[in-house]
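This report covers burial, chain dimensions and core packing in the model shown below.

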Amino acid sequence: MSKNYFEIIRAGINSTFQDLGRSNLYHIGVPFSGAMDNRSYLLANKLAGNNHNYPVIEFAYQGPHLKYHGDKLNIAITGDVTFKIKKGNNLINGECYQSFILENNDELDIISTNKSVYGYLAISGKFDLKFQWSSCSINTKANIGSNNGKKLSDNQKINVKEINQNFVNKKLNYINTKIENIRVIKGTNFDYFSEEGKKIFFKNEFKVSKLSDRMGMRLEGKKIENIVDTNIRSEGLIKGAIQVPADANPIIMLSDHGTIGGYPKIGVVISADYDKLVQLTPGSRVKFQEVDLNSAENLFKLYELETQNLISQI
Amino acid sequence: MLKNISNLGDAALYCDFGKEVNRKINSQVIKYFKTIQNKNIVGVNNLTPSYNKLIISFDLKKINFNKLKKIIDNIEIINDDIIQNKKFEIPVCCEKNFSLDIKRLEEKLQMKEEKIYESFFEKNFFCYMTGFIAGMPFLGDLEKNLRAKRLGTPRVKVPKGSIGITEQFANIYTFESPGGWNIIGNTPLNIFNSSKEREPNLINPGDSVSFKRITKEKYQSYHE
């Protein structure tokens with residue numbers, strides 16, 4: 001048994017190991033997976049003094065309550081998260097985007113994400129995990145990845161393989177912002193929808209449904225009328241693609257999505273807005289805004305610059 | 001040269017091979033897929049061949065639509081003989097507890113159970129694509145008289161190994177998964193093995209597949 005390990009007192013709602021995910025497997029039915037909010041993932045690793053691609057624990061809504069056993073290490077949590085660290089009789093209120101030291105017998109209780117879905121916990125070092133196709137990312141649907149492809153459960157142990165001897169405290173002044181407008185590029189089946197339907201898609205608000213997870217985000221709103229066919233020949237899907245099935249409620253494909261789908265695609269969320277999109281909680285209201293390919297590419301460059309700039313401040 | 005390439009979002013090429021679904025068009029898709037796969041083009045991070053489309057996903061940090069389109073426009077397709085397709089015979093047990101929809105199909109198709117199975121087991125199938133869930137093969141084409149619509153209400157859980165049919169296609173549920181296909185049997189074979197990183201899929205696009213009926217005893221012997 002490993003000398004350094006976490007004991008899971010409470011696993012949380014959907015806690016999984018994630019990294020940058022796995023590529024070049026769509027053709028056999030395996031999606032990218034990986035951290036849903038890539039920027040928060042990268043910042044967590046940097047704050048913990050890691051390489052950018054180390055495994056972290058991603059949690060949704062309620063995170064895990066962990067007890068640590070072993071040599072001291074650093075942790076960092078990113079997102080908009082309430083958490084506490086218990087050191088003996090001392091209870092410390094945690095701050096996101098800041099590193100904290102954990103010592104033997106300390107407890108870390110990640111209570112909840114606030115007005116957002118996902119948060120990230122990085123440790124200064126490496127969890128002891130199995131990799132599949134060069135990624136530890138857990139895809140609970142296909143049972144692929146570390147932890148036998150299953151989410152973390154109560155009372156299990158997480159071994160730490162390696163600790164970076166890097167105890168410089170790090171902090172980043174960063175405030176998460178929310179978006180209300182999701183920018184999209186018209187989809188390949190945009191003309192399957194009536195003029196009125198297209199207008200509704202770009203003018204009306206949609207509500208994020210409770211039936212959203214790492215696979216997809218379902219939306220509810222005014223019916224988008226299909227005038228051609230509510231089915232297409234099944235074809236490949238990508239992250240951010242917005243399908244409109246027969247019931248007319250759009251579904252946005254997220255990181256663990258099915259690789260093939262047979263519903264018309266009205267639009268695709270631009271890459272620059274993906275990290276913000278996944279953080280929208282059920283009940284949030286969103287609007288779609290049309291942009292062209294060129295603007296989408298420029299917006300992505302800007303987003304990348306911002307991310308790199310944040311990373312360089314740590 | 002591929003004529004019909006558009007963008008799907010800002011990080012994918014959408015290659016359209018036409019409206020029809022047939023082996024000729026699908027073989028073209030697969031040839032392009034295998035050629036592009038072999039080229040290891042910088043920035044390309046996923047390829048999804050389907051009946052008559054090929055989607056090429058890329059990393060927007062490394063390349064963009066116009067640059068990649070130029071490369072794909074000028075690609076030369078590799079010779080047929082480089083593509084090696086395999087043949088498989090998949091054992092299927094059709095006992096009552098496996099053939100969940102056979103009675104429904106007798107009504108839908110106005111055919112007797114034995115006739116449905118006769119037609120199904122005589123057929124040589126072609127794998128058009130794999131996906132939706134990991135390793136799931138989409139096989140065609142069923143005889144015209146076996147073509148039925150999906151279930152009105154999809155099942156929340158289709159058992160692993162289930163053989164389903166709908167329209168002109170048959171498939172195999174590689175995992176327990178939601179699904180709306182008409183289930184006529186179950187295979188004891190593992191069609192997707194994630195512990196094999198190199199070739200996790202038993203069946204790949206372009207492969208030939210036939211099914212062989214087995215008894216319950218034989219089915220159970222696979223699990224011993």
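Of the 224 residues in chain B, 43% are buried (20 or more other C-beta atoms within 10 Å of a residue's own, with C-beta atoms placed from the backbone; exposed is 12 or fewer, partly exposed in between). The model is predicted: local features need pLDDT of at least 70, side-chain atom pairs count only at pLDDT 80 or more, and totals for chains, interfaces and linings use all residues. Residues are numbered from 1 along each chain as its sequence is written, and chains are lettered from A in the order in which they are written.

Values for chain B are tabulated here.

| Property | Chain B |
|---|---|
| C-alpha span along principal axes | about 55 × 40 × 35 Å |
| Radius of gyration | 19 Å |
| Radius for a compact globule of 224 residues | near 17 Å |

The two radii agree; the radius of gyration is taken over C-alpha atoms, and the globule rule is 2.2 Å times the number of residues to the power 0.38. Among chain B contacts (C-beta atoms within 7 Å) between residues at least 6 apart in sequence, 63% join residues at least 24 apart.

The largest nonpolar core (buried Ala, Val, Leu, Ile, Met, Phe, Trp, Tyr and Cys joined through C-beta atoms within 7 Å) has 146 residues. A44(A), I77(A) and I56(B) are among those with the most contacts inside it. Leaving out residues up to four places away in sequence, I77(A) touches A44(A), F83(A) and I110(A), among others.

A44(A) is also one of the buried residues of α1(A), a helix (a DSSP run of H or I, at least four residues). Because 9 of the 10 residues of α1 (residues 38-47) of chain A are buried, the helix is largely enclosed by the rest of the structure. After α1(A) comes G49(A), with a positive phi near 80°.

Terms used:
Contact = placed C-beta atoms within 7 Å. Helix = DSSP H or I, 4+ residues; strand = E, 2+ residues; numbered from the N terminus.
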